[in-house]
Amino acid sequence: VGKDGIQSERSDTTISGNKIKYAGMRGIYIYSGDNCTVDGNQVTGSGNGTLAGIEVHTDGNTITNNKVLKHAGDGFHIDGNNNTLRDLLASLCSEDGFDLEGDGNNNSLVRCTASKCGAEGLDNSADQTDVSASSFTGNRIDVANDGTFANFAAKFSTGGETTNPEVDASD
């Protein structure tokens, strides 16, 4: 209790095939080191209400085939540039399913799903975020955006609200 499941501070690290349950803080945390791969992991029932199931603060990472379920906090929290998020599921998280922070740019989400999260399915504060073939449904608010989208192709239609999912065509 009170600790991360897995932490990495090295570049070019692969974290794969783990089932992390009841970590006191984050399930997987990459806080230093670029170009990492996080693939095929499942984080369940972890968190302290403010930290993410899978949290990344670096650039050029590939995050694929992961699930974050029943996490007390964000499912996925990304604060870096040029990260690829593909085939991810965040469900029943107490906060956002996907939280892309304003310091990050040019991140892409492909076939990502957030459902039944207590805050936003996708909370995008980053610039030039590319979203395709994704679904954000049944969340308190499905999509919240105060950043910019390079592309936005996602399903989002619930009783929740949506704020500003426009694509920035200026670049």
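Student: Why is Phe98 called buried?

Tutor: Buried means under 20% relative accessible area, with exposed over 50% and partly exposed in between (1.4 Å probe, protein chains only). Phe98 has 0%, so Phe98 counts as buried. Mind that this is a predicted model, where local features need pLDDT of at least 70, side-chain atom pairs count only at pLDDT 80 or more, and totals for chains, interfaces and linings use all residues. Residues are numbered from 1 along each chain as its sequence is written, and side-chain values use heavy atoms, leaving out hydrogens and water.

Student: What makes Phe98 and Phe136 an edge-to-face pair?

Tutor: Rings of Phe, Tyr and Trp (its six-membered ring) pair if their centres lie within 6.5 Å; planes under 30 degrees apart are stacked, over 60 edge-to-face, and the rest tilted. Here the centres are 6.2 Å apart and the planes 75° apart, so the edge-to-face label fits. Phe136 is buried, as is Phe98.

Student: And why is the pair of Phe76 and Phe98 called stacked?

Tutor: Their centres are 4.9 Å apart, with 5° between the planes, so the pair meets the stacked cut-off. Phe76 is buried too, because its relative accessibility is 0%.

Student: Which residues do ring pairs link into a cluster?

Tutor: Phe76, Phe98 and Phe136. The structure holds five aromatic pairs.

Student: How do you know that Arg26 sits over the ring of Tyr29?

Tutor: The rule wants NZ of Lys or CZ of Arg within 6 Å of the ring centre and within 35 degrees of the ring normal. Arg26 lies over the face of Tyr29 at 3.6 Å from the ring centre, so the distance fits the rule.
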